[in-house]
Each structure stands twice: as structure tokens, then as C-alpha cells.
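Visitor: I would like to learn how to read charged pairs and sheets in a model like this one. Could we go through some cases together?

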Amino acid sequence: MAPSSPLPASTATRPAFARWMGTTNQITRTFLAAGAIPGLINVAGGLPDPTIFPTERLAEFARRAVAEHPDEVLSYGPVEGLAALRDALARRFGSPALPLTRDNVLVTTSGMQGLDLIGKVLLEDGGLVAGQYPTYLGALDAWRPRAPSFRNLVLEAPGFDPFEAVAGAQFAYAVPNFSNPTGRMVDLATRRALVAAAHRTGTWLVEDDPYGTLHYDGAALPRLIELSAQAAPGEPYAGPVISMGTLSKEIAPGLRVGWVVAAPAMIEALTLAKQGSDLCTSGVTQRVALAAIESGLVDEIRPALVALYRSRRDALCAALSAHLSDWFDWEVPVGGMFVWAVAKDPALDTDALLPHALSAGICFSPSSVFDATGANRRGMRLNFTLNPPERLDEGMRRLATAVAALRRSRGGAA
Ligand SMILES: Cc1ncc(COP(=O)(O)O)c(C=O)c1O
């Protein structure tokens with residue numbers, strides 16, 4: 001997708017920035033602003049349904065954070081995050097086989113900052129990233145200033161060779177649980193193989209897991225960092241996996257609280273990078289996050305969240321069947337927030353479809369934005385968590401209208 005709004009000439013003419021802008025896109029801005037467009041049905045973003053935010057409990061946690069810890073939360077805090085929250089996260093993700101302490105944990109201003117810091121610490125200008133393909137567009141955005149090259153890892157492809165895949169890269173990147181954008185879950189054998197390859201080649205392996213708890217069918221699989229710890233069970237973690245998470249999807253993105261769990265030396269490096277980024281994450285939201293974890297709120301609201309989102313996944317897939325099955329194929333995801341739909345006709349260009357979709361009152365994310373080269377123009381990512389079933393049905397009906405309009409504009413061809 002080409003950028004849609006021109007920058008002031010003075011900014012755009014700085015060569016490095018102009019190059020970077022020439023390769024980026026405006027889809028995130030578009031879908032974050034889409035709520036303000038009357039009547040538009042937005043299935044473009046990974047947006048939770050605001051009606052499930054536990055607002056009263058969070059308001060009470062925020063009030064208590066300021067009333068009970070004013071000096072701590074209203075001052076600058078430690079760059080690496082509040083010790084109590086780091087301890088709570090170490091307990092949440094640790095186990096006897098993976099003993100973690102606060103030295104293994106960095107609190108971040110949500111998942112996006114974790115991705116940005118990883119780029120700052122690990123990526124040389126023009127360096128190589130081995131990324132699960134298609135790739136989360138926020139990760140591409142975060143690393144674009146380094147003008148990296150990308151090796152696309154299609155983890156489910158027959159004959160996928162994990163050693164060839166990660167060797168020589170500055171780091172490898174995967175979203176093993178319900179990937180953004182495809183919703184796919186990486187199977188256990190591939191998880192093991194990726195971890196073994198990272199250990200053997202000494203390549204850092206970034207595991208990005210915002211969606212792991214939004215799991216609708218089947219059993220959970222171990223995180224990459226848990227598999228990595230099996231190399232030295234019970235020892236302090238010193239392996240190559242950098243495991244990231246966020247409260248954005250299971251509580252509320254407005255908290256902007258996430259974390260990185262990794263070997264202490266990597267946490268130190270990321271902390272130095274964070275110092276030059278935002279000094280520290282808000283103490284108020286860190287205290288709210290801590291209370292949400294320690295009070296059990298996160299676990300309490302999960303069953304309702306999972307039930308609601310499962311029913312919406314089913315509603316979106318039913319709507320696709322009703323309106324778009326002549327044009328698209330898709331897989332039913334077992335978790336997460338997205339259905340990935342691929343055009344049956346390779347000539348159906350979803351970049352070209354998007355303006356017709358916006359005119360018809362529906363916004364989706366085209367596949368080009370999940371490809372560092374922008375070349376993949378045959379798919380689209382559809383979110384099912386934000387809208388109730390009747391809106392999802394109406395949205396897919398509008399999308400079918402948009403496909404018809406695109407075909408008409410091309411004289412009957414896709
Ligand atoms: C794979 C992935 N990583 C990271 C993020 C960043 O989320 P946040 O910055 O809200 O934690 C997202 C958000 O959609 C995501 O899908």
C-alpha cells in the first residue's frame with residue numbers, strides 16, 4: 001500500500017526518512033482512526049471490544065495506585081519497570097523448569113515498544129531479519145528505520161528447514177500463538193525445531209505472544225522460552241529466546257503495559273535502549289497492571305472473553321461463507337483475533353479492493369502491509385473481536401459489494 005498523505009517537504013526530503021516513508025503504509029493510522037468515521041465497519045485492526053473492558057475495577061485500581069503509592073507512580077520510575085510488577089511477571093511466566101527473577105523481566109510501554117527496542121539492540125543497518133511470513137505489520141514498522149532485509153519464513157511449508165531459516169540472521173521473529181495476521185498456531189514440532197535451530201546457530205529468537213490466552217479450541221502448546229529452558233532445566237535462563245507479551249489483548253490496550261522476558265544480559269541491553277526511548281513506562285498503568293494480575297482480574301475475565309470472541313470468530317466465518325465464498329478461501333483460526341482470507345483468483349488485488357471497500361463502508365487490512373516488499377496482494381486480514389455478529393455479517397455483505405465494484409471497474413475481471 002502506498003502512503004496516502006504527503007509529508008511536509010522539509011521532512012520528506014531528508015533522504016533516509018524519505019526512503020523509509022516510501023516503503024511504509026498508513027493502514028494502522030487508518031484503522032485506529034476508523035472509529036470516528038460514521039457507519040464504517042472496521043475489521044482492519046486487532047481491536048478488542050471496549051464493552052468487555054473491566055472499567056470499574058480498573059478505575060478503582062488507578063485510584064488506589066495514585067492514592068496509596070503517590071510518590072512511586074507520580075515520579076519517574078526505574079527504567080526496567082516497578083520491581084513489584086517485574087516480580088509478578090517472573091512468577092506468572094516462571095516454573096520449576098524455567099526459574100525466573102525480576103532480572104529476567106523488562107516492563108515495556110506495551111508490545112510495540114518491545115519490538116522497537118529489539119530492533120535498536122539487535123539490528124544493524126541493512127541487517128537480516130528471519131521473520132515468520134506473513135509478518136505482523138507493527139514489527140515491520142518498528143524495524144523499517146534500519147532498512148533491514150527480510151527472510152520470509154513460511155513455517156508450515158512442506159520441507160521447512162529451521163536451520164537454514166535462522167542461520168545468519170540477526171534475529172528470528174515469530175508469533176507462535178494465533179499469528180498476526182494469519183491466526184495460525186505453530187505446531188509443537190516446528191516450535192521445537194525453531195528453538196533447537198536458535199540454540200545450535202546462536203541466533204536470537206523473538207517470540208511475540210499477545211494472543212496466547214485468547215485460545216478457543218484445543219490444548220495450549222508450550223512457549224518457545226519454555227522449550228528453550230528444557231536445554232538446562234532449573235538453571236537461571238540464559239538462552240536465545242526473547243519472549244514478549246502485553247496486556248493489550250487480555251485487559252485493555254490503553255494501559256500500554258507489556259513485557260519482555262529473556263536472559264538477564266539481554267534485559268540489560270534492552271533497558272539501556274529503553275532509557276533513550278521513554279525513560280520509563282507510566283507508574284500509574286504499571287500499578288494498574290500489577291493489581292489486575294495480582295487480584296486475579298486477568299484470570300477472572302478470561303472465560304467470558306474467550307466465549308465472546310469464539311462466538312464472533314464463528315460469526316465472521318459464517319458471514320464469509322454466506323457472502324464471499326465464491327471469491328476467497330480462509331482457515332478457521334483456533335485463537336487470536338483474525339481470519340486470513342486469500343483470493344481464489346490470483347489476479348484479485350486486495351490493495352485495489354480497499355478503496356472500493358471503504359466506499360462500501362468496510363475497512364480491512366490488505367495483505368501487502370504484512371509483506372516487507374508489499375508484493376503479497378492476494379489476501380486480507382479480517383478482525384472478528386470488535387464487532388457483534390450482525391455487524392460482521394453486514395461487513396462481509398459490503399465487502400462482497402466491493403468485490404463486485406472492483407470487478408465492474410475492471411470490465412468483469414478481478
Ligand atoms: C503480534 C503483535 N505484537 C505486538 C503487538 C503490539 O501490541 P501492543 O503495543 O498494544 O502491546 C500487536 C498488536 O496488535 C501484535 O499483534
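Guide: Gladly! This is a predicted model. Let's begin with Asp314, which counts as partly exposed because its relative accessibility is 38%; the cut-offs are under 20% for buried and over 50% for exposed.

Visitor: Which side chain does Asp314 meet in a salt bridge?

Guide: Side chains of opposite charge can pair when their charged atoms come close. Here Asp314 meets Arg313, at 3.0 Å from N to O. Arg313, at 4% relative accessibility, counts as buried.

Visitor: How many salt bridges does the structure hold?

Guide: There are 24. One of them joins the side chains of Lys344 and Asp329, at 2.8 Å from N to O. Lys344 lies in the loop between strand 10 and helix 15, and Asp329 in strand 9, so this pair ties together parts that are 15 residues apart in sequence. Salt bridges can also share partners, and in that way Arg92, Glu250, Asp299 and Arg302 are joined into one network.

Visitor: What about a pair within one helix?

Guide: Look at helix 7: Asp116 and Lys120 both lie there, 4 residues apart, about one turn of the helix. Their side chains meet in a salt bridge of 3.7 Å, N to O.

Visitor: And which strands does helix 7 lie across?

Guide: Helix 7 lies across strands 2, 5, 6, 7 and 8, running at about 155° to strand 7.

Visitor: In what order do the strands of the sheet come?

Guide: The order is 2-8-7-6-5-3-4, an open sheet of 7 strands with mixed pairing. Strands 2 and 4 each have a single partner strand, so one side of each is left without a neighbour in the sheet. Strands 7 and 8 run antiparallel, joined by 4 bridges, and Met244 stands opposite Val260 in strand 8.

Methods. Residues numbered from 1 in each chain as written. Predicted model: local features only at pLDDT ≥ 70, side-chain atom pairs only at ≥ 80, totals over all residues. Heavy atoms only, no water. Pairing = 2+ DSSP bridges. Helix = DSSP H or I, 4+ residues; strand = E, 2+ residues; numbered from the N terminus. Contact = heavy atoms within 4.5 Å. Axes fitted to C-alpha atoms, helices over the stretch in contact; angles between N-to-C directions. Salt bridge = Lys/Arg side-chain N within 4 Å of Asp/Glu carboxyl O. Buried < 20%, exposed > 50% of the residue type's maximum accessible area, 1.4 Å probe, protein only.
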